[in-house]
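Student: Could we go through this protein together? I keep meeting labels and I'd like to know where they come from.

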Amino acid sequence: MEYKKGYVYELMDKGGPTKTTEPYFKEAVEEMMRARKLCAIANAKMPDDPTYVEDLEELFGRKLDDVRILTPFICDFGNRVKFGKGVFINHSAIFSASGGIEFEDGAMAAPGLRIATINHDMNERHTKYTYGKVTVKKNAWLGMNVTICPGVTIGQYAVVGAGAVVTKDVPDYAVVGGVPAKVIKYLDPSEQKE
């Protein structure tokens with residue numbers, strides 16, 4: 001069967017499933033290899049060599065003059081990640097981004113962030129995948145070694161404590177922590193600064 005270009009991404013946007021054995025998945029494999037190569041090139045440069053940013057700009061297909069990402073950095077689908085203005089991603093982040101990741105303005109992440117947007121089918125785990133977009137809303141703050149699972153939205157101005165594993169949406173202005181992450185308290189919206 002003939003598949004149109006981008007069909008695999010349409011399936012991902014719907015949550016899947018996709019199957020690695022189908023011809024349409026070739027497009028996804030090509031993007032994974034492109035992304036892995038660009039990350040490897042960027043990560044091979046010294047941290048004070050500003051040209052690594054050019055490799056990341058090619059990865060994401062946009063200028064990063066309003067976004068800062070520190071290496072080492074790993075992302076398998078650069079074409080599935082969107083950034084607002086003023087986003088900061090500290091070093092050692094890993095984005096499994098096939099399901100889509102969006103960072104809104106001012107979102108920031110401490111070292112070691114892990115985001116998964118893909119999951120294996122329980123019965124056909126080697127060939128069948130499902131997806132869930134991850135959204136990190138305006139001015140959210142993700143602590144060190146946070147893991148975000150597929151389909152989760154982190155609310156605006158929310159804070160996710162170090163080491164948390166986020167399996168459910170985090171409300172606006174919530175402070176969450178733990179495994180799985182639970183609400184600890186809420187911030188006063190009137191005290192939050194841009």
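Tutor: Sure, let's take some labels one by one and check each against its cut-off. Keep in mind that this is a predicted model.

Student: Okay, helices to start. Why is α2 called roughly antiparallel to α3?

Tutor: The axes of α2 (residues 26-44) and α3 (residues 52-60) cross at roughly 170°. Angles over 145 degrees count as roughly antiparallel, so α2 gets that label relative to α3. The two axes also come within 8 Å.

Student: Which residues of α2 and α3 make the contact?

Tutor: From α2 you have Arg34, Ala35, Leu38, Cys39, Ile41 and Ala42, and from α3 there are Tyr52, Asp55, Leu56, Glu58 and Leu59. Sorted by type, the contact of α2 with α3 has 8 nonpolar residues, 3 charged and no polar.

Student: On to the sheet. What makes β3 and β17 edge strands?

Tutor: The order in this open sheet of 5 strands is β3-β6-β9-β14-β17, with parallel pairing. β3 (73-75) and β17 (165-166) each have a single partner strand, so one side of each has no neighbour in the sheet.

Student: And how do you know that β9 and β14 pair?

Tutor: Pairing takes at least two bridges, and 2 bridges join β9 (residues 114-116) to β14 (residues 147-148). Arg114, for instance, has Thr147 in β14 as its bridge partner.

Student: Phe73 sits in β3. Why is Phe73 called buried?

Tutor: Its relative accessibility is 1%, and buried means under 20%, so Phe73 counts as buried. Phe73 touches Cys39, Asn43, Leu56, Leu59, Phe60, Ala93 and Phe95, leaving aside residues up to four places away in sequence.

Student: What makes Glu31 and Arg34 a salt bridge?

Tutor: Their closest N and O atoms are 2.7 Å apart, and the cut-off is within 4 Å, so the pair qualifies. Both lie in helix α2, 3 residues apart, which is about one turn of the helix.

Student: Are Glu31 and Arg34 buried or exposed?

Tutor: Glu31, at 8%, counts as buried, while Arg34, at 29%, counts as partly exposed. The partly exposed range runs between 20% and 50%.

Student: How do you know that Lys133 and Glu102 form a salt bridge?

Tutor: Try the cut-off again: within 4 Å. The closest N and O atoms of Lys133 and Glu102 are 2.9 Å apart, so they pass. This pair links distant parts of the chain, 31 residues apart: Lys133 is in the loop between β11 (128-131) and β12 (134-136), and Glu102 is in strand β7 (residues 101-103).

Methods:
Residues are numbered from 1 along each chain as its sequence is written. This is a predicted model: local features need pLDDT of at least 70, side-chain atom pairs count only at pLDDT 80 or more; totals for chains, interfaces and linings use all residues. Side-chain values use heavy atoms; hydrogens and water are left out. Axes are lines fitted to C-alpha atoms, for helices over the stretch in contact, and angles run from 0 to 180 degrees between N-to-C directions. Helices (H or I, at least four residues) and strands (E, at least two) are DSSP runs, numbered from the N terminus. Angles under 35 degrees count as roughly parallel, over 145 as roughly antiparallel, 65 to 115 as roughly perpendicular and the rest as oblique. Contact means heavy atoms within 4.5 Å. Ala, Val, Leu, Ile, Met, Phe, Trp, Tyr, Cys and Pro count as nonpolar, Asp, Glu, Lys and Arg as charged, and the others, Gly among them, as polar. Buried means under 20% relative accessible area, exposed over 50%, partly exposed in between (1.4 Å probe, protein chains only). A salt bridge is a side-chain nitrogen of Lys or Arg within 4 Å of a carboxyl oxygen of Asp or Glu.
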